[in-house]
Amino acid sequence: MILLGIESSCDDTSAALVEDGRKILAIRTLSQIDIHKVYGGVVPEIASRKHLETVAGLADEAVKAAGISKREIGAVAATNRPGLIGALLTGFSFAKGAAFSLGVPLVAVNHIAGHVAAAYLAFPELAPPFTALSVSGGNTLFIRVQDYTDLKVLGSTRDDAAGEAFDKIARVMGIPYPGGAEIDRLAQAGREKYGAAEAVRLFPLPRPWFEDAPLDTSFSGLKTAFINQFHHARQTGGEFDPALAAASFTEAVSDILVSRAEWALKSEKSRVLVVGGGVAANSRLRERLRETTDALGAKLYMPPLSFCGDNAAMIAAEGYYEFLAGKTAPLSENAYASLEEAPGGF
Ligand code: KG4
């Protein structure tokens with residue numbers, strides 16, 4: 001069965017055709033980064049307008065590239081939570097129109113579940129149950145994936161998402177939005193120059209830990225500690241080496257996430273970790289997760305970098321399993337900025 005997937009929760013407009021939740025027939029994604037870059041972050045109103053201008057054209061292009069007729073589309077799946085509300089509504093409304101005009105079911109997809117489902121596209125053998133980490137610009141969540149459509153949050157960030165913290169410290173250093181990938185490159189240079197342990201010693205940063213909720217995370221204090229050291233160096237004429245600072249910051253984020261991943265695998269008695277979301281593209285995090293899962297004898301599934309970020313193929317993949325579970329949505333279905341306000345929560 002072929003699903004048309006639509007993603008528009010933030011600053012990527014994406015349309016994809018995916019067969020049986022696993023095989024990408026075509027995907028077209030348009031990033032709005034160049035537009036938002038000048039503002040130092042995503043401007044929600046502009047994001048919504050750009051999705052509106054481009055979503056229909058991208059869906060048409062994807063259908064042409066897949067070499068199929070629109071009549072072969074069996075369902076339309078679109079992200080309806082969580083995200084920027086105007087941006088979500090644009091793509092989700094388009095999906096409703098497409099489902100209605102094609103006479104096929106509509107599936108409303110949780111963006112976080114979509115990030116987890118990106119791994120189904122890359123690894124045909126992967127099937128629940130497993131433990132997942134979804135780490136992006138908007139969310140940082142540890143999840144028990146009991147079945148394709150049965151996900152339980154084990155822990156989440158209490159403030160900023162990991163990607164948000166990367167973007168904020170990058171911004172302070174004058175690196176254009178989104179700065180995560182550039183911090184990754186700087187950190188590699190910092191590790192080569194100083195070594196990871198020495199970078200941590202020379203540029204110390206906190207690693208918060210919650211006794212009562214070991215799988216919860218916090219990145220706000222870490223971000224503030226980084227920014228304070230940056231400003232202190234500027235104000236006192238002290239030395240500030242961006243590569244050193246980036247290496248130490250990346251080590252701190254990796255420590256926070258890898259320690260939780262280890263905790264999650266042990267406490268869940270799970271031997272499979274799936275990682276998704278834009279920050280899963282981070283080279284050091286990938287390396288550290290690989291070392292830790294190898295040491296635990298657990299399997300690690302990380303999609304290729306191209307599927308770590310927002311894309312519609314992962315939405316169609318999750319949508320397929322939602323459809324199989326009978327979870328289709330009425331045309332009156334709404335979109336939700338946060339999972340808390342969505343009926344049924346996660
Ligand atoms: O999944 P995504 O494309 O969008 C959201 O759903 O948020 O993630 C984007 C986030 C941004 O914060 C970006 O800076 C971060 O992922 N990111 C990275 C890297 N590549 C992208 N963060 C750290 N290292 C990277 N290599």
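**Figure 1. The ligand in the largest pocket of the predicted model.** The ligand takes up the space of the largest pocket in this predicted model. The shell around the ligand has 20 residues, and those that come nearest are Gly137, Asp167, Asp184, Gly278 and Asp310. By class, the shell residues are six nonpolar, eleven polar and three charged.

**Figure 2. Domains and helices around the ligand.** Residues of the shell come both from domain 1 (2–119 + 310–324) and from domain 2 (129–306), so the ligand lies between the two domains. Asp310, one of the residues that come nearest to the ligand, stands at the start of the 310–324 segment of domain 1. Three helices, α4 (111–122), α5 (162–172) and α6 (180–194), supply at least two shell residues each.

**Figure 3. Polar atoms facing oxygen atoms of the ligand.** In Asp167, a polar side-chain atom is placed 2.6 Å from a ligand oxygen atom. Gly278 instead presents a polar backbone atom, at 2.9 Å from an oxygen atom of the ligand. For Gly180, a backbone N or O atom lies 3.1 Å from an oxygen atom of the ligand. On its own the ligand has 550 Å² of accessible area, of which the protein covers 86%. Asp167 and Gly278 are also among the residues that come nearest to the ligand. Asp167 falls within the range of α5 (162–172), and Gly180 within that of α6 (180–194).

**Figure 4. The cis peptide bond before Pro129.** Pro128 and Pro129 are joined by a cis peptide bond, with omega near 5 degrees. Pro129 is located in the loop that runs between α4 and β6 (130–135). Residue 129 is also where the range of domain 2 (129–306) begins.

**Figure 5. The cis peptide bond before Pro178.** Between Tyr177 and Pro178 the peptide bond is cis, and omega is about -10 degrees. Pro178 belongs to the loop between α5 and α6. Both of these helices supply at least two residues of the ligand shell.

**Figure 6. The backbone at Asp20.** Asp20 is not a glycine, yet its phi is positive, at about 50 degrees. Asp20 sits in the loop that links β2 (12–19) and β3 (23–31). The position of Asp20 falls within the 2–119 segment of domain 1.

Methods
Residues numbered from 1 in each chain as written. Predicted model: local features only at pLDDT ≥ 70, side-chain atom pairs only at ≥ 80, totals over all residues. Heavy atoms only, no water. Near = heavy atom within 4 Å. Polar contact = N/O pair within 3.5 Å; in protein donor to acceptor, adjacent residues only side chain to side chain. Areas by Shrake-Rupley, 256 points an atom, 1.4 Å probe, with all protein chains shown as cover. 1 Å grid on protein atoms, 1.4 Å probe; cavity = no way out; pocket = protein on both sides within 12 Å on 5 of 7 lines; lining within 4 Å. Sits in = over half its atoms within 2 Å of the grid points. Helix = DSSP H or I, 4+ residues; strand = E, 2+ residues; numbered from the N terminus. Nonpolar A, V, L, I, M, F, W, Y, C, P; charged D, E, K, R; others polar. Domains from an automatic or database assignment.
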